[in-house]
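Me: I am in my first year and still learning to read protein models. Could you take one part of this structure, look at it closely with me, and then connect it to other parts?

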Amino acid sequence: MDDQRIDRLLEAVLSVAADLDLERILARIVSAACDLVDARYAALGVIDEDGEALSAFVHHGVSEPVVRAIGHLPRGQGILGLLIEQPTPIRLDDLTQHPSSFGFPPNHPPMHAFLGTPIRVREQVFGNLYLTEKRDGGAFTEEDEDLVVGLAAVAGAAIANARLLGEARRRESWRTAVLEIAEAVLGGSPIGEVRQQVTALGAGLLDASSATLVERYEEGLWVLATVGDGPDPGFLAITETPARTTLEQGEPVRAPHGPIFDRASLWAPVHADGRVVAAIGVGREEPFTAAEEQLLVAFGTQVAFAWSFERAQREVQSLRLIEDRERIGRDLHDTVIQRLFATGLSLQASIRRCDGVPEVAERLERAVDEIDETVREIRSTIFALQSAGQTARGIRSRLLEIVDEVGGPLPRSPRVRFDGPVDAVVSPAIAEHLLPVTREALTNVVKHARATDVEVELRVDQQQLELRVVDDGVGLPADTATGGFGLGNLQERAARLGGALELSVGRSGRGTAVRLTVPLSSP
């Protein structure tokens, strides 16, 4: 081997070893290999985890217009597949004459002389280096083979270093992401913001273009948060998905293509309190590796404390509120109602003295009626406080949670009113549909209404339940059918309960009013 070729080899070694980014290293390897043996074309095929095909193909020498005209890149068939099956150097004068030759696709430049060698990283075959077409038109020599094999050995070491650096960076990103979630949770951030942060950090962790956080919901999924071009928050009527499999089986799933991201996806479970409470999914054009799967699973395991902490925090707050509710209820009953009764009796006595002044008597009677109505409202409030103290997870508290979670993006928090013994008379069967209807109606307001004022009212009496969600937004389009904006799903739920869903214009002729009525005798 002459001094000039030794110098070339040293230059190639220095070029490959001068970088620690894996993608740039692969590009430098194929470029240095071409210069080293005077080849027109070079490529490096990365072998997939199964060891049966190519998962990536880095090439040099073929122009981009020709690459686009060829179409898909090689997958590891023919001579390329032979090198995968038998990872030893191969040198051919004319690859088209070899029995394993697979042929070239249309628009592919002609190639004859061939030299290939495996690249090993810690005794494992990482990929294969291919060179074709000597610039002088001749065949590759034994000396060329020795040079390329030497370059492949150096390339293997450089790739190993780049992998170690990449792994260290991913672990540092993982620790940073987990710490950010912990700071948000301990800092008292709303659970909706925490979930959005979990989703965004999951996407950044794996360089994904999209990410979504979902939970199981009837015959589909409920999207809790999303980044990129993932689905909007709300109900997603998809049953057969990798996400659903992860939620049901508690195992990570990698898929080359899925209905949610429309590209390669990776899903990992989020466990809390011994069960799968959610699944985090990421999507991008390049397939995910086993190492990335383990990284996302570890991330899902660590961020699960956000769900457990939120639940514990909610229970502690509920316990603190019980004593306050009982005290307020006693004060209302023992002080406020008694004073109102005394005032009402005094006014009734005054009415009897106003026989000659009918206008005054009429005003006093109206005042007595208003006092009676006020007493009824206070009694309803006392009952609500007692019910909330008895069950911290009643309809009231669960509906308030939905309002806080979904109504976060609104300029002002929605006003919520309850009338009647809601927790006592609303059965679990009705609640199963009532709460999703509230969530869907509020989601429509947030996404479409551009509203500044929203009111949610839940009223029950002996016969029926009435839910109203009223906003002052832009209202429904004139041509909106009942099936739009998720209204078909709401009407289906109302029908299941034997009730009805009505849409009308909101107060003062603005916005939209959604009214659900359900008989309390509904099965």
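Reply: What follows begins with a sheet and the helix on it, and then goes on to salt bridges, two helices and some loop residues.

Please keep in mind throughout that this is a predicted model.

The part to look at closely is an open sheet of five strands, in which the order is β2-β1-β5-β4-β3 and the pairing is antiparallel. At the edges of this sheet are β2, residues 54–60, and β3, residues 90–92, each of which pairs on one side only. As you go from one strand to the next, the twist averages 15°. As general background, the strands of a sheet pair through backbone hydrogen bonds, and they can do so in a parallel or an antiparallel way. A good place to follow the pairing is β1, residues 39–47, which runs antiparallel to β2 and is joined with that strand over six bridges. One residue to find there is Ile47, whose bridge partner in β2 is Leu54.

With β1 and β2 located, you can add the helix that packs on the sheet, which is α2, residues 22–37, and which touches β1, β2 and β5 (124–134). The direction of α2 makes about 145° with that of β1.

From the sheet we can turn to contacts between charged side chains. Side chains of opposite charge can pair when their charged atoms come close. Searching the whole structure gives 18 salt bridges, and three of them are described here.

One salt bridge joins the side chains of Arg366 and Glu362, with 3.2 Å from N to O. These residues are separated by about one helical turn, because they stand four residues apart in helix α10, residues 358–390. Arg366 is partly exposed at 42% relative accessibility, and Glu362 is partly exposed as well, at 47%.

Another salt bridge links Arg415 with Asp453, where the closest N and O atoms are 2.7 Å apart. Arg415 belongs to strand β12 (residues 415–419), while Asp453 sits in the loop between α13 (428–449) and β13 (454–460), so this pair ties together parts that are 38 residues apart in sequence. Arg415 counts as partly exposed, with a relative accessibility of 39%, and Asp453 is likewise partly exposed, with 23%. Both residues also belong to a network of salt bridges that links Arg412, Arg415, Asp453 and Glu455.

In the next example, the side chains of Arg515 and Glu502 meet in a salt bridge of 3.3 Å, N to O. Here Arg515 is in strand β16 (residues 512–519) and Glu502 is in strand β15 (residues 500–505), so the parts tied together are 13 residues apart in sequence. Arg515 is partly exposed at 22%, and Glu502 is partly exposed at 40%.

Two helices show how burial can be read along a chain. Helix α8, residues 290–303, contains 14 residues and reaches 20 Å from its first C-alpha to its last, which is close to the 20 Å expected at 1.5 Å a residue. Its buried residues are Glu292, Glu293, Leu295, Leu296, Phe299, Gly300 and Val303. Because they cover an arc of only 160° around the axis, these residues lie on the same side of α8.

In helix α7, residues 242–249, the residues Pro242, Ala243, Arg244, Thr246 and Leu247 are buried. The elements that cover the buried residues of α7 include β6, β7 (220–227), β9, β10 and β11 (275–284). Just after α7 comes Gly250, which takes a positive phi of about 70°.

That backbone angle leads to two residues in loops. Most residues other than glycine have a negative phi. Asp207, however, is a residue other than glycine with a positive phi, near 55°. Asp207 is found in the loop between α6 (191–205) and β6 (210–217), and with a relative accessible area of 66% Asp207 is exposed. Asp262 also has a positive phi, near 60°, without being a glycine. The loop that holds Asp262 runs between β9 (253–255) and β10 (264–272), and Asp262 counts as exposed at 55% relative accessibility.

Notes: Residues are numbered from 1 along each chain as its sequence is written. This is a predicted model: local features need pLDDT of at least 70, side-chain atom pairs count only at pLDDT 80 or more; totals for chains, interfaces and linings use all residues. Side-chain values use heavy atoms; hydrogens and water are left out. Buried means under 20% relative accessible area, exposed over 50%, partly exposed in between (1.4 Å probe, protein chains only). Two strands pair if DSSP finds at least two bridges between them. Axes are lines fitted to C-alpha atoms, for helices over the stretch in contact, and angles run from 0 to 180 degrees between N-to-C directions. Contact means heavy atoms within 4.5 Å. A salt bridge is a side-chain nitrogen of Lys or Arg within 4 Å of a carboxyl oxygen of Asp or Glu. The expected span of a helix is 1.5 Å times one less than its number of residues. The arc is that of the directions from the helix axis to the C-beta atoms.
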